[in-house]
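Colleague: Before we discuss particular residues, could you show the sequence and the structure together? I should then like to ask about them one point at a time.

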Amino acid sequence: QVQLVESGGGLVQAGGSLRLSCTASGRTFGSYITGWFRQAPGKDRVLVASINWSGGPPYYPDFVKGRLTIFRDNANNTVSLQMNSLKPEDTAVYYCAVRELPALQFEYWGQGTQVTVSS
């Protein structure tokens, strides 16, 4: 059974930084993509960053480019999300997820970690 555990959320002032981490356990994946998503109250869950298993160029949507960096530590089965220049609109529950290729959807999800950015 796959388990993803997020950590690193919390309360931070606008302009501050946080680093989230996602550690996987349970079994070894083959070819896969790890993504970080967020869901704000009353809004849909959206992808904010993703990276593939081989460490190729990560993906970021335009609304976070330049502020978020995703990186992986394969030795420790961890994918982290460094978030800088945080804004109040970044407030959300952040989830990590894994999509094991050739699946079209992210199948495995963590429980989420709350990030709150105060103005």
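Modeller: Helices (H or I, at least four residues) and strands (E, at least two) are DSSP runs, numbered from the N terminus. The model is predicted: local features need pLDDT of at least 70 and side-chain atom pairs count only at pLDDT 80 or more, whereas totals for chains, interfaces and linings use all residues. Residues are numbered from 1 along each chain as its sequence is written, and side-chain values use heavy atoms, with hydrogens and water left out.

Colleague: Where does Ser-85 lie?

Modeller: Phi of Ser-85 is near 50°, a positive value in a residue other than glycine. Most residues other than glycine have a negative phi. The place of Ser-85 is the loop between E7 and E8.

Colleague: Asn-77 also interests me; is this residue buried, partly exposed or exposed?

Modeller: Asn-77 has a positive phi near 50° and sits in the loop between E6 and E7. Buried means under 20% relative accessible area, exposed over 50%, and partly exposed in between, with a 1.4 Å probe and protein chains only. Asn-77 has a relative accessibility of 47%, and therefore counts as partly exposed.

Colleague: Which residue is joined to Leu-101 by a cis peptide bond?

Modeller: Most peptide bonds are trans. The bond in question has an omega of about 15°. The partner is placed in the loop between E8 and strand E9 (108–109), and its name is Pro-102.

Colleague: Let us turn to the interior. How many residues does the largest nonpolar core have?

Modeller: A nonpolar core is a set of buried Ala, Val, Leu, Ile, Met, Phe, Trp, Tyr and Cys residues joined through side-chain atoms within 4.5 Å. In the largest one, the residues with the most contacts inside it are Trp-36, Ile-70, Leu-81, Met-83 and Tyr-94. The elements giving two or more residues to this core include strand E3 (18–25), strand E4 (32–39) and strand E8 (92–100). The number of residues in the core is 28.

Colleague: Which tyrosine does Leu-81 touch?

Modeller: Contact means heavy atoms within 4.5 Å, and residues up to four places away in sequence are not counted here. Among the residues that Leu-81 touches are Leu-18, Trp-36, Val-48 and Ile-70. The tyrosine that Leu-81 touches is Tyr-94.

Colleague: Is the disulfide of Cys-22 and Cys-96 right-handed or left-handed?

Modeller: A disulfide is a pair of cysteine sulfur atoms within 2.5 Å, and Cys-22 and Cys-96 lie 2.0 Å apart, S to S. Cys-22 is in strand E3 and Cys-96 in strand E8, so the pair ties together parts that are 74 residues apart in sequence. Cys-22 and Cys-96 are buried. The torsion about their S-S bond is about 55°, so the disulfide is right-handed.

Colleague: In E3, which residue is the bridge partner of Val-5?

Modeller: Two strands pair if DSSP finds at least two bridges between them; E1 and E3 run antiparallel and are joined by 5 bridges. Along strand E1 (residues 3–7), Leu-4 and Glu-6 point to one face and are buried, while Gln-3, Val-5 and Ser-7 point to the other and are not. The partner of Val-5 in E3 is Thr-23.

Colleague: Which acidic residue is linked with Arg-38 and Arg-67 in a network of salt bridges?

Modeller: A salt bridge is a side-chain nitrogen of Lys or Arg within 4 Å of a carboxyl oxygen of Asp or Glu. The closest N and O atoms are 2.8 Å apart in the bridge that Arg-38 forms, and the bridge of Arg-67 spans 2.7 Å, N to O. Arg-38 counts as buried because its relative accessibility is 11%, and Arg-67 is likewise buried, at 11%. The acidic residue that links them is Asp-90.

Colleague: What is the distance between the ring centres of Phe-37 and Phe-106?

Modeller: Rings of Phe, Tyr and Trp (its six-membered ring) pair if their centres lie within 6.5 Å; planes under 30 degrees apart count as stacked, over 60 as edge-to-face and the rest as tilted. A search of the whole structure finds 4 aromatic pairs. The planes of Phe-37 and Phe-106 are at 80°, so this pair is edge-to-face. The distance between their centres is 5.0 Å.
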